[in-house]
Number of protein chains: 2
Amino acid sequence: MRAVDLIRRKRDGGPLTADEIQFLVAGLTDGSVPAYQWAALAMAIVWRGMAPTETAALVEAMLHSGSVVDLGDIPGPKVDKHSTGGVGDKTSLILAPVAAACGVTVPMVSGRGLGHTGGTLDKLESIPGFRIDLDLAAYRRVARECGLVLAGQTAEITPADRLLYALRDATATVESIPLITASILSKKLAEGIDALVLDVKCGGGAFMTRLEDARDLAASMTSIAAALGTPVTALVTTMDTPLGRTVGNALEVREAIDCLCGEGPADLMEVSLELAAEMLVLGGVVDSRPAAVDRCRGVIADGSALERFGRVVAAQGGDPRVCDDPAAVLPRAARVETVRAERSGWLTRLDARSVGQASMLLGAGRTTVEAVIDPTAGLVLEKMVGDRVEASDVLAELHVGPRHVAALEAALAIFRGGVGIGDEPPPRRPLVIERRPAGSAR
Amino acid sequence: MRAVDLIRRKRDGGPLTADEIQFLVAGLTDGSVPAYQWAALAMAIVWRGMAPTETAALVEAMLHSGSVVDLGDIPGPKVDKHSTGGVGDKTSLILAPVAAACGVTVPMVSGRGLGHTGGTLDKLESIPGFRIDLDLAAYRRVARECGLVLAGQTAEITPADRLLYALRDATATVESIPLITASILSKKLAEGIDALVLDVKCGGGAFMTRLEDARDLAASMTSIAAALGTPVTALVTTMDTPLGRTVGNALEVREAIDCLCGEGPADLMEVSLELAAEMLVLGGVVDSRPAAVDRCRGVIADGSALERFGRVVAAQGGDPRVCDDPAAVLPRAARVETVRAERSGWLTRLDARSVGQASMLLGAGRTTVEAVIDPTAGLVLEKMVGDRVEASDVLAELHVGPRHVAALEAALAIFRGGVGIGDEPPPRRPLVIERRPAGSAR
């Protein structure tokens with residue numbers, strides 16, 4: 001078998017067999033198929049796509065390129081959630097302890113942020129002492145003891161995905177439904193989960209800006225996962241405006257803790273609870289989504305979700321007092337600037353991408369993989385889309401540290417460019433656009 | 001400027017500017033744009049193509065990635081010929097001394113064979129002592145002294161083309177008109193030529209099997225070269241059946257010498273003289289193609305073309321007695337097998353690809369870049385398409401050396417599979433299918 005012949009077949013629109021895909025993935029992992037051959041293949045896949053059987057074979061091959069965790073010794077269902085990434089999206093920090101408190105183990109492996117969207121690992125690292133670089137033994141121990149674990153990808157798991165993702169990032173081959181499906185599913189299945197809830201963000205602030213692309217990814221994920229025997233439910237949720245009132249790492253942790261105390265903003269609570277409810281249903285803990293939402297509200301109301309969060313923070317080396325007094329424990333920006341409304345009216349637009357880019361300029365995100373983020377930086381949104389605004393009302397606070405103060409003007413300008421104030425209140429748009437139940441056909 | 005952004009633009013069908021193409025080619029040459037990025041870009045170019053201005057910029061960038069030879073100190077026109085490769089195609093060995101004897105300097109840089117088509121360098125190396133690895137000084141000296149030089153690519157010339165060609169070969173991105181155009185033109189323009197005649201082979205034994213692809217390449221080459229100020233005339237010639245009666249390196253040199261003595265087969269003579277005539281017209285040595293053909297016949301008849309060939313053989317270290325007594329000087333195969341006709345009729349088919357593959361198995365060609373060829377191996381065709389054949393007539397001789405004798409049966413079978421004998425003589429097909437004059441628009 002020669003890689004060049006397989007690239008040629010894919011280039012010409014022909015299918016690859018499972019054995020051929022296995023050969024290519026093994027070659028990527030051990031270096032016998034060089035990066036340049038995979039780069040050409042990835043571009044041919046962007047061009048020609050993959051049939052479901054090919055995508056499933058790619059997931060399998062990548063999944064088995066490294067260790068596959070077996071959490072069978074932990075009783076009860078193991079369910080995770082994955083988001084394609086948004087602005088202000090801190091739902092993982094909320095739904096993971098909520099689901100754990102309801103009896104679903106959440107073995108969550110997350111990534112870092114890049115560009116205008118944040119990453120769960122960066123948010124967690126704003127908690128003093130919190131360690132995300134767990135080895136497999138620590139990962140299993142925290143999952144067993146806390147009912148959840150919030151870790152970064154380890155070297156042992158899906159090395160083929162790490163290599164391919166880096167290559168795709170450098171070769172403009174990220175935008176491919178089968179490659180995205182294979183990347184997410186292989187990583188997630190290697191965590192040792194029984195089921196997965198997928199949050200496909202859709203809108204101006206998301207990776208997928210068009211609804212049809214988000215639908216395609218949701219369909220691909222649910223059907224390929226079903227073929228591999230793992231139920232995946234996908235929600236397509238809106239990402240035109242930031243989720244919640246905060247964007248930036250320590251600021252988002254603080255807001256997540258507010259939510260776990262029952263004091264979060266309505267939009268963030270709704271999306272977090274919808275996703276958590278899906279996890280409970282998939283895990284077989286409750287029979288229906290309404291019952292699941294009630295159960296989730298219950299573990300927030302009785303404090304057990306917050307207790308779970310404190311437990312995992314402590315288990316991963318963080319300061320658990322963050323749950324009781326986040327303001328005292330979390331780092332705070334040296335400087336806070338306010339942005340005020342220039343006219344009265346209704347806030348009709350607060351563009352997620354603009355807010356994300358402003359946040360990145362303030363130091364909360366990375367423009368390159370190597371960049372060091374400032375955990376204190378970001379924005380607090382005092383007004384949300386649909387709110388009544390009077391001229392000179394504070395729209396937002398911009399939090400910035402000394403390293404990024406020079407970017408303040410640019411961040412302000414970008415933020416302002418994303419604000420729209422109109423004479424009529426905007427139409428209310430649903431947060432959950434679509435739901436694709438596990439195992440549904442494409 | 002970031003390579004990934006340029007790959008993305010090409011992936012999405014957008015154009016690249018001359019500066020961007022220059023950045024990418026310079027990066028390929030100095031290693032700052034890694035091979036994997038170029039592999040993805042090449043596949044995106046196969047997919048999306050290139051506008052003529054982009055292709056012209058690519059030629060320019062590749063041309064200037066290394067030394068560009070200036071042969072301005074040699075008086076008179078400098079014209080070369082390039083063929084896309086065929087089976088039994090030894091026209092270079094004939095037309096180069098013919099054109100030189102007519103007053104056109106032919107600075108010819110050739111390649112080796114790979115797969116079922118032969119390479120001029122391999123043919124020349126079957127002449128004892130012949131050296132093709134000339135440095136630039138020797139290249140210029142031989143061109144000046146002999147009026148022609150027959151050399152391999154030097155390290156100084158178009159390094160970007162060498163790197164890109166190797167990469168394309170490994171990534172199934174060879175089949176792209178703009179990339180083929182850039183590869184051929186950059187190499188040829190770097191030789192120091194004033195004009196070029198292109199022989200686009202078309203048919204079952206050629207790289208281009210479809211007439212429309214051959215036409216596209218001819219159109220691309222003539223128009224891009226015109227834009228760059230170098231006239232290129234392209235002939236599309238048939239390659240359904242081998243050219244001449246011999247396939248294999250020493251055998252083909254012998255047949256070329258027969259042609260220079262005026263004793264070659266009609267098809268080979270016709271194609272060689274048509275191409276040589278185009279070189280004379282482009283070089284401004286004669287006014288019309290009929291006059292050019294007459295002139296070429298004249299230098300064969302008076303022995304001056306053969307004398308030129310002997311001169312260049314001697315200048316490049318070969319044994320010049322090959323011109324007088326090729327049978328004595330050229331190596332000969334240890335074993336010669338004959339293939340006989342199984343029935344009487346007319347030879348309607350002698351498939352070029354089958355003959356090329358049989359020749360390769362006998363040791364005349366390479367299956368991999370590293371393979372060592374046997375200069376004595378190959379086939380002598382006793383019957384050509386259109387000939388009357390009686391049952392048990394000899395159709396061909398198979399020449400094989402001790403290293404490849406085990407492949408004799410397979411070579412025989414492949415040869416037989418390419419033979420067709422019918423009850424009617426086949427229609428005569430033109431050798432030159434189309435002519436595209438220099439500078440004609442696409």
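Q: What makes E6-E9-E11-E7 of chain A an open sheet with edge strands?
A: In this predicted model, four strands are ordered E6-E9-E11-E7 in chain A with antiparallel pairing. Strands here are DSSP runs of type E of at least two residues, and helices are H or I runs of at least four, numbered from the N terminus. E6 (246-247) and E7 (335-340) of chain A each pair on one side only, as edge strands.

Q: How do you know that E9 and E11 of chain A pair?
A: Pairing asks for at least two DSSP bridges between two strands. Four bridges join E9 (residues 378-381) to E11 (residues 394-400) of chain A, so the pair qualifies. Along it, Val380(A) stands opposite Glu397(A).

Q: Why is His82(A) called buried?
A: Buried means under 20% relative accessible area, exposed means over 50%, and partly exposed lies in between (1.4 Å probe, protein chains only). His82(A) has 17%, so the word buried applies. This residue sits in strand E1 (residues 79-83) of chain A. With contact meaning heavy atoms within 4.5 Å, His82(A) touches residues including Ile184(A), Leu196(A) and Asp199(A).

Q: How do you know that the two copies are related as by a two-fold rotation axis?
A: Copies are superposed by least squares on C-alpha atoms of residues with pLDDT of at least 70 in both. A rotation of 180° with 0.1 Å of shift along its axis brings chain B onto chain A, at RMSD 0.1 Å. The copies are therefore related as by a two-fold axis.

A note on conventions: residues are numbered from 1 along each chain as its sequence is written, and chains are lettered from A and ligands numbered from 1 in the order written. Local features need pLDDT of at least 70 and side-chain atom pairs count only at pLDDT 80 or more, while totals for chains, interfaces and linings use all residues, and side-chain values use heavy atoms, leaving out hydrogens and water.

Note on methods
Lists of a residue's contacts leave out its neighbours within four places in sequence.
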